[in-house]
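Work through these exercises on charged side-chain pairs. Try each task before reading its solution.

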Amino acid sequence: MTDIKAITPYERKAFYYETDQMGVIHHSNYIRWFEEARVDFLEKAGFSYKRMEDMGVMIPVLGASCEYKNAVRFSDTVIIVPKIQEFNGFKMTVTYRVIRKEDNLLMAVGETKHCFSNKEMRPIRTKKDYPEIFEVFNSVIGVDFY
């Protein structure tokens, strides 16, 4: 069973190389940050991406979106809060909130959509084929960790 108390939001500092000509974090970096937060989330939930991939399970991204609310700038520290919004054992939607740590200001919201597949990119059903994985994701549906 997943130890919910062990799951904390992902925190990171914005780096200079991530800025654009306007001095703000380039929009493409948010999608990378979502991935970092998702990987961190699974590690804390007790079932790392590496472990899943070693079992032959992949979680490809089917779609990604981000809505920018305020500009993140170099050296800002942000908290990225992933939330498993939907999960049915085959597909999953993860939502994200990017919050500036200094003042709790919402900087961006986003979403990624995924499916579960084997290494040949054939769909799998985690409930039937990988009950351990199904249990981890199912136990955190809708849980807000911040």
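**Exercise 1.** Find the salt-bridge partner of Lys 101 and say which parts of the chain the pair ties together.

Solution. This is a predicted model. Step one: apply the cut-off, a side-chain nitrogen of Lys or Arg within 4 Å of a carboxyl oxygen of Asp or Glu. Step two: check the pair. Lys 101 and Glu 11 have their closest N and O atoms 3.0 Å apart, and they form a salt bridge. Step three: place both residues. Lys 101 sits in the loop between strand S4 (91-100) and strand S5 (105-115), while Glu 11 belongs to strand S1 (residues 10-13), so the salt bridge links parts that are 90 residues apart in sequence.

**Exercise 2.** Are Lys 101 and Glu 11 buried, partly exposed or exposed?

Solution. Step one: recall that buried means under 20% and exposed over 50%, with partly exposed in between. Step two: read Lys 101. Its relative accessibility is 42%, so it counts as partly exposed. Step three: read Glu 11. Its value is 42%, so it is partly exposed.

**Exercise 3.** Which residue pairs with Lys 69, and how accessible are the two?

Solution. Step one: the partner is Glu 67, with the closest N and O atoms 2.7 Å apart. Step two: Lys 69 has 39% relative accessibility and is partly exposed. Step three: Glu 67, at 44%, is partly exposed.

**Exercise 4.** Describe the salt bridge of Lys 113, then look for a network.

Solution. Step one: Lys 113 meets Glu 111 at 3.7 Å, N to O. Step two: Lys 113 is partly exposed at 38%, and Glu 111 is partly exposed at 27%. Step three: shared partners join Arg 12, Glu 18 and Glu 36 into one salt-bridge network. Step four: count across the whole structure. The search finds 11 salt bridges.

Conventions
Residues are numbered from 1 along each chain as its sequence is written. This is a predicted model: local features need pLDDT of at least 70, side-chain atom pairs count only at pLDDT 80 or more; totals for chains, interfaces and linings use all residues. Side-chain values use heavy atoms; hydrogens and water are left out. Helices (H or I, at least four residues) and strands (E, at least two) are DSSP runs, numbered from the N terminus. Buried means under 20% relative accessible area, exposed over 50%, partly exposed in between (1.4 Å probe, protein chains only).
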